[in-house]
Amino acid sequence: MLNITDGQCGSCSHFGGGIPEEQLVQIRVNHTAQDDVVGGCDLDSNASIHLKVSPIGSCDRYEAA
Ligand code: SF4
């Protein structure tokens with residue numbers, strides 16, 4: 001189980017492409033995710049290369065969900 005802190009992808013508004021809505025809500029509410037979860041990032045620069053990130057990833061463009 002991954003524990004997600006503020007500033008990490010799992011709590012970012014750009015995270016979650018390809019993850020079912022109900023599962024994404026649970027990740028945001030519980031601040032946890034299964035170890036194998038990856039999701040798309042919808043920032044233009046990342047979406048154009050179909051970047052997939054872990055919920056515990058991060059970058060300077062973080063925006064709280
Ligand atoms: S890569 Fe950056 S912008 Fe994309 S979900 Fe993670 S923190 Fe958010």
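In this predicted model, strand 4, residues 39-41, pairs with strand 5 in the antiparallel sense over 2 bridges. Within this pairing, Gly-40 stands opposite Lys-52 of strand 5. The two strands belong to an open sheet of 3 strands, whose order is 2-4-5 and whose pairing is antiparallel. Strand 2 (15-17) and strand 5 (52-53) form the edges of this sheet, each pairing on one side only.

The sheet may now be placed in the chain as a whole. The secondary structure comprises 2 helices and 5 strands, and the elements follow one another from the N terminus as β-β-α-β-β-α-β. The chain has a radius of gyration of 10 Å, close to the 11 Å that the globule rule gives for 65 residues, so it is as compact as a globular protein of that length. The C-alpha trace spans about 30 × 20 × 15 Å along its principal axes. Of the contacts in the chain with a separation of 6 or more, 61% join residues 24 or more positions apart. Buried residues make up 22% of the 65 in the chain.

Some of the buried residues gather into nonpolar cores. In soluble globular proteins, nonpolar side chains tend to be buried together. The largest nonpolar core here has 5 residues in all, namely Cys-9, Cys-12, Phe-15, Cys-41 and Val-53. Phe-15 touches three of its fellow members, Cys-9, Cys-41 and Val-53, and also Gly-10 and Gly-39, when residues up to four places away in sequence are not counted.

Members of this core also appear in the surroundings of the ligand. There are 13 residues around the ligand, and those that come nearest are Cys-9, Cys-12, Phe-15, Cys-41 and Cys-59. By class, this shell consists of 8 nonpolar, 4 polar and 1 charged residues.

Gln-8 offers a view of the loop between strand 1 (2-3) and strand 2, in which this residue is located. Is Gln-8 buried or exposed? With 21 other C-beta atoms within 10 Å, Gln-8 is buried, because the threshold for burial is 20 or more. Leaving aside residues up to four places away in sequence, Gln-8 touches Pro-55, Ile-56, Gly-57 and Ser-58. By contrast with these contacts, the C-alpha atoms of Gln-8 and Lys-52 are separated by 14 Å, the two residues being 44 residues apart along the chain.

Two histidines call for attention on account of their backbone geometry. Most residues other than glycine have a negative phi. His-31, however, has a phi near 55 degrees, a positive value in a residue other than glycine. His-31 lies in the loop between helix 1 (21-30) and strand 3 (32-33). The phi of His-50 is likewise positive, at about 55 degrees, although this residue is not a glycine. His-50 is found in the loop between helix 2 (44-47) and strand 5.

The surroundings of the two histidines can be described in terms of their C-beta neighbours. His-31 has 16 of them inside 10 Å and therefore counts as partly exposed. His-50 has 10 other C-beta atoms within 10 Å and is therefore exposed, since a residue with 12 or fewer falls into that class.

Notes
Residues numbered from 1 in each chain as written. Predicted model: local features only at pLDDT ≥ 70, side-chain atom pairs only at ≥ 80, totals over all residues. Near = placed C-beta within 6 Å. Nonpolar A, V, L, I, M, F, W, Y, C, P; charged D, E, K, R; others polar. Helix = DSSP H or I, 4+ residues; strand = E, 2+ residues; numbered from the N terminus. Rg over C-alpha atoms; globule rule 2.2 N^0.38 Å. Contact = placed C-beta atoms within 7 Å. Pairing = 2+ DSSP bridges. Core = buried A, V, L, I, M, F, W, Y, C linked by C-beta atoms within 7 Å.
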